[in-house]
Protein chains: 2
Amino acid sequence: MAALALGPAADTVYGGDMDIIATRLSDFCHSCSVRNRAICGGLHDDEIALLNNIGRRRTLRAGEQLSWEGDEAVLVANVIDGVLKLSTLTSDGREQILGLSYSSDFLGRPFGQTTPYDVEALTDAQVCVFQRAEFDRFAREHPQLEHKLLERTLTELDRTRKWMLMLGRMNAEQKLASFLLELSSRLAPGDCSSDDDALQSIELPLSRQQIADVLGLTIETVSRQIAKFRRDGLIDAPSRRQVTILDREKLEDRAVC
Amino acid sequence: MAALALGPAADTVYGGDMDIIATRLSDFCHSCSVRNRAICGGLHDDEIALLNNIGRRRTLRAGEQLSWEGDEAVLVANVIDGVLKLSTLTSDGREQILGLSYSSDFLGRPFGQTTPYDVEALTDAQVCVFQRAEFDRFAREHPQLEHKLLERTLTELDRTRKWMLMLGRMNAEQKLASFLLELSSRLAPGDCSSDDDALQSIELPLSRQQIADVLGLTIETVSRQIAKFRRDGLIDAPSRRQVTILDREKLEDRAVC
DNA sequence: CGCGATATTGAGGCTGCTCAAGCCTTGTGG
DNA sequence: CCACAAGGCTTGAGCAGCCTCAATATCGCG
């Protein structure tokens, strides 16, 4: 189905014969922009080649879903480019976003039966997908990969817990300030979390409604807080999807944490 | 220092000569109540013996801390018995509990530099602690252990995300109902998450204040919600630290999720 | 230009917080 | 065994922050 369909690039590649496939896919990895930051970093060339055999590039359009909550977890993936959201619905139909995935993040639930949340591309995105069963087998045979995956999962757990703190204890102003600051550092090209190269001008990958879903607020509250930050000269918002941080220090004060 | 001091049992054990040490510690593992549920499950006997050489039993009194937020992460541990909390402080001094750890859970941050939260025993507890550096080395050499650790971390991440949903989207009533239900299943002797053997009578390991810190509420709100559940006949609360679930179904209705 | 989707702004209400007083439990000392 | 104190818990009153509902404005696309 849609979630499993290959992107045009992958289709082309699989049209050739076996040797060519390996070569071409290997080229994918060698030129991959997240090669050293994603979990594949640290693998030997021959391991990369093997991984290539089971991985496929896939291009997602903004709004497209990668897998569905509760489905048998058939896919895992590396994010190459773009921003994706992990989300789930409350029983009364509201959405809560559980996490955002950026370039070089790992997506999905290896060694599990079901995907516990929806994955949807917020921007146009490129991912490198694997059939879960194949990935699991490969990971078990390559401890170096499992180790990278473990480190990444531990980091993600730390990040999620920090987010919990935000949801549980911050007010609307603090939530929005934290959110903008985090976004400006996660969207920075290096992705390395050194705050120095954090962006001043952010192209928001989320609508107001989605920001509200991230922060556990309503769209109106988000809108009012943005308006307040503008009035106070902390940010500028030339268009709906753009934000410029004018006074990072004061914004950090508002974020508190 | 306090955090590193050995419990009396370990002191005794280390008093003997080398051969005896290994044997005695091995006995610890063989009789360990979480042997098959914790990450050590699936290790060979000789691996267990090696692990024994670097692990120590430690008994914690309720209220005692295991490591401190921001400290260099020197310890990791398995929870053998009892309930511990992971928590952090907001800059304005309120506490947010980030997670609870029960029997057979893994504690700490391997492969990281700092412990990103406080760990404190809520009840008297027994843990099996390792120096982080030694544990890291052992884990790198034993992929089977790393694999178990990865699975556990992934599960913990899923659980944390569900908790996030609760903090972001639930009202006080839903939060408390969910909390009581989760507690009754996590405290059940099997620990297996089959809801069948969930407890009806819970001995609360947390004070009202701590419950409030878990749920992102105030102590007054927690108290009022408990009073309401009692009035409505959903629970009984014979003493401050005891709760009996009288009508699980209706409680689940209140929890919504 | 005009329509639909998205966002902003306003008014009013409710949930949960704050502040405050009193109660119950537990432990200590006479 | 009782008196008292201290800490934890409950209950109440009032308030603030955020949500809800509603009207209006703006953006983006045909």
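# Chatting through a predicted protein–DNA model

Guide: Chain A has 9 helices and 11 strands. Keep in mind that this is a predicted model.

Visitor: Okay, how much of chain A is buried?

Guide: Buried residues make up 54% of the 257 residues in chain A.

Visitor: And what about contacts between residues that sit apart in the sequence?

Guide: Take the contacts in chain A between residues at least 6 apart in sequence: 69% of them join residues at least 24 apart.

Visitor: Let's do the strands. What order do they have in the open sheet?

Guide: The open sheet has 4 strands of chain A in the order E1-E8-E3-E6, and the pairing is antiparallel.

Visitor: Which strands stand at the edges?

Guide: Strand E1 (55–60) and strand E6 (106–108) of chain A. Each has a single partner strand, so one side of each is left without a neighbour in the sheet.

Visitor: How many degrees is the twist?

Guide: From one strand to the next, the twist averages 30 degrees.

Visitor: What holds strands together in a sheet, anyway?

Guide: Strands of a sheet pair through backbone hydrogen bonds, and they can run parallel or antiparallel.

Visitor: So how many bridges join E1(A) to E8?

Guide: There are 6 bridges between E1(A) and strand E8 (residues 125–131) of chain A, and the two run antiparallel. To find one of these pairs yourself, look for A:Arg56, whose bridge partner in E8(A) is A:Val129.

Visitor: Which helices pack on that sheet?

Guide: One of them is helix H3 (residues 45–54) of chain A, which touches E1 and E8 of chain A. The direction of H3 makes about 55 degrees with that of E1(A). Helix H4 (residues 132–141) of chain A packs on the sheet too, touching strand E3 (75–81), E6 and E8 of chain A. The direction of H4 makes about 75 degrees with that of E8(A).

Visitor: New topic: what's going on with strand E4 of chain A?

Guide: Strand E4 (residues 84–89) of chain A has 5 of its 6 residues buried, so it is largely enclosed by the rest of the structure.

Visitor: Which strands does E4(A) pair with?

Guide: One partner is strand E5 (residues 95–101) of chain A, joined to E4(A) by 6 bridges and running antiparallel. In that pair, A:Thr88 has A:Gln96 of E5(A) as its bridge partner. E4(A) also pairs with strand E7 (residues 118–121) of chain A, in the antiparallel sense over 4 bridges. There, A:Lys85 is matched with A:Glu120 of E7(A).

Visitor: How many residues lie between the strands in the hairpin of E4(A) and E5(A)?

Guide: That hairpin has 5 residues between the strands, and A:Gly93 takes a positive phi near 95 degrees there.

Visitor: Now the DNA! Which residues are closest to strand C?

Guide: 17 residues surround DNA strand C, and the closest are A:Arg208, A:Ser223, A:Arg240, B:Ala172 and B:Thr221. Of the atoms of DNA strand C that come within 4 Å of the protein, sugar and phosphate account for 62%.

Visitor: Which side chains have polar atoms by those phosphates?

Guide: Two examples come from chain A. The side chain of A:Arg208 has an N or O atom 2.8 Å from a phosphate oxygen of DNA strand C. A polar side-chain atom of A:Ser223 lies 2.7 Å from a phosphate oxygen of that strand.

Visitor: What about A:Arg240?

Guide: A:Arg240 goes to a base: a polar side-chain atom of this residue lies 2.8 Å from a base oxygen of DNA strand C.

Visitor: Which element gives the most to the surface near strand C?

Guide: H8(A) does, with 4 residues. By class, the surface near DNA strand C has 3 nonpolar, 7 polar and 7 charged residues.

Visitor: And which residues come nearest to DNA strand D?

Guide: Of the 17 residues around DNA strand D, the nearest are A:Thr221, A:Arg240, B:Arg208, B:Ser223 and B:Arg224. An N or O atom in the side chain of A:Thr221 is 2.4 Å from a phosphate oxygen of DNA strand D. For B:Arg208, the distance to a phosphate oxygen of DNA strand D is 2.8 Å, again from a side-chain N or O atom.

Visitor: What does B:Arg240 do at strand D?

Guide: A polar side-chain atom of B:Arg240 lies 3.0 Å from a base nitrogen of DNA strand D.

Visitor: Last one: where does the largest share of the surface near strand D come from?

Guide: From H8(B), which supplies 4 residues.

Definitions and conventions: Residues numbered from 1 in each chain as written. Chains lettered and ligands numbered in written order. Predicted model: local features only at pLDDT ≥ 70, side-chain atom pairs only at ≥ 80, totals over all residues. Heavy atoms only, no water. Near = heavy atom within 4 Å. Polar contact = N/O pair within 3.5 Å; in protein donor to acceptor, adjacent residues only side chain to side chain. Nonpolar A, V, L, I, M, F, W, Y, C, P; charged D, E, K, R; others polar. Pairing = 2+ DSSP bridges. Axes fitted to C-alpha atoms, helices over the stretch in contact; angles between N-to-C directions. Contact = heavy atoms within 4.5 Å. Buried < 20%, exposed > 50% of the residue type's maximum accessible area, 1.4 Å probe, protein only.
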